[in-house]
Amino acid sequence: PKPALAVAIGPPIMMKFCCETTKPFKVPTVVSLNTIMVDGTGMCGGCRVSVGGRTKFVCVDGPEFDADRNEVIARAKSAGVSTVLNVGTGDPHSGAFERAVELGKTHESIYTAIGTHPHDARLYDDEAEARIRKLVQSEHVIAWGEIGLDFHYDNSPRDVQISVFKLQLHAPRERNLPVVLHTREAEAETIEILKSDYNTAE
């Protein structure tokens, strides 16, 4: 029987050829464009993809997008995109989270997730957690994340990543928020932590 859907996650060239393989059979194909990041550190400004002359995947957060953010949001709306989840990450002391929440407040179609990415886990402290706890009170914040483990880049020490991941799994329960997970070359450890520290989640 013909598959109803194909999902490809991996290097861009692999996803391209998956699409070329499924296209003749008219099988809808979904790809992950997270791997387009230029430097692998988050909101780097390099994750725009132009398809048929239109931007189809783009971060809308951060000062590097100030020049055409409203244009991108307007194009998305005209293309039928009704809702955007903007994941605010970065140094928790830099104002990045506040900026992400403010974007959600100024655009009714944009909701926000905020949390300390594993790359920035070394910067997570009591002040950062207090800041996030305050910001998630906004009705526009619907998830805590992107949190997790990244053992590929190790921008933060692994023991710190693990500790901060566990802390951030417990904190969202107070508001009954879902979490947005990031895991790279740490899948076994991520699953183990979810089992031990998030096993009561529904």
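Which pattern does the chain follow when read along the sequence? In this predicted model, the chain follows the pattern β-α-β-β-β-α-β-α-β-α-β-α-β-α. That makes six helices and eight strands in the chain. Of its 202 residues, 38% count as buried. Contacts that reach across the sequence are well represented: among the contacts in the chain with a separation of 6 or more, 65% join residues 24 or more positions apart.

A good place to begin the tour is the sheet built from the later strands. Four strands form an open sheet here, in the order β5-β6-β7-β8, and the pairing is parallel. Its edge strands are β5 and β8, the latter spanning residues 179-184, and each of these two pairs on one side only. On average, neighbouring strands of this sheet are turned by 30° against each other, direction ignored. Helix α6, residues 187-197, packs on the sheet and touches both β7 and β8. The direction of α6 makes about 145° with that of β8.

The sheet can now be followed strand by strand, starting from β5. Strand β5 covers residues 84-88 and strand β6 covers residues 110-114; the two pair in the parallel sense over five bridges. To get from β5 to β6, the chain passes through helix α3, residues 96-106, and this β-α-β crossover is right-handed. Individual bridges help to fix the register of the two strands. Leu85 has Tyr111 of β6 as its bridge partner, and Val87 is partnered with Ala113, also in β6.

On the other side of β6 comes β7, which spans residues 141-150. The pairing of β6 with β7 is again in the parallel sense, this time over three bridges. Within this pair, Thr112 stands opposite Val141 in β7. The next pair, β7 and β8, is joined in the parallel sense over six bridges, and one of the partnerships links Trp144 to Val179 in β8. Here too the connection is a right-handed β-α-β crossover, with the chain running from β7 through α5 to β8.

How many of the ten residues of β7 are buried? The count is eight, so β7 is largely enclosed by the rest of the structure. This strand pairs with β6 and with β8, and helix α6 touches it as well.

The loops offer a few details of their own. Glu139 lies in the loop between α4, residues 126-135, and β7. Is Glu139 buried or exposed? Its relative accessibility is 66%, and because exposed means over 50%, Glu139 counts as exposed. Glu139 and Lys105 are 34 residues apart in sequence, while their C-alpha atoms are 8.9 Å apart in space. Lys105 falls within α3, the helix of residues 96-106 on the way from β5 to β6.

Two further loop residues stand out through their backbone angles. Lys26 is placed in the loop between α1, residues 12-22, and β2, residues 29-31. Its phi is near 55°, a positive value in a residue other than glycine. With a relative accessible area of 68%, Lys26 is exposed. From Lys26 to Leu5 the separation is 21 residues in sequence and 9.6 Å in space, C-alpha to C-alpha.

The second of these residues is Asp154, found in the loop between β7 and α5, the helix of residues 158-170. Phi of Asp154 is near 50°, again a positive value in a residue other than glycine. Its relative accessible area is 33%, and Asp154 is therefore partly exposed, a label used between 20% and 50%.

Ring interactions complete the description. The charged end of Lys16 sits over the ring of Phe17, 5.7 Å from the ring centre. For pairs of aromatic rings, with centres required to lie within 6.5 Å of each other, the count comes to zero.

Conventions: Residues are numbered from 1 along each chain as its sequence is written. This is a predicted model: local features need pLDDT of at least 70, side-chain atom pairs count only at pLDDT 80 or more; totals for chains, interfaces and linings use all residues. Side-chain values use heavy atoms; hydrogens and water are left out. Two strands pair if DSSP finds at least two bridges between them. A crossover is right-handed if, with the strands pointing away from the viewer, the path from the first strand over the helix to the second runs clockwise. Axes are lines fitted to C-alpha atoms, for helices over the stretch in contact, and angles run from 0 to 180 degrees between N-to-C directions. Contact means heavy atoms within 4.5 Å. Rings of Phe, Tyr and Trp (its six-membered ring) pair if their centres lie within 6.5 Å; planes under 30 degrees apart count as stacked, over 60 as edge-to-face and the rest as tilted. A charge sits over a ring if NZ of Lys or CZ of Arg is within 6 Å of the ring centre and within 35 degrees of the ring normal. Buried means under 20% relative accessible area, exposed over 50%, partly exposed in between (1.4 Å probe, protein chains only).
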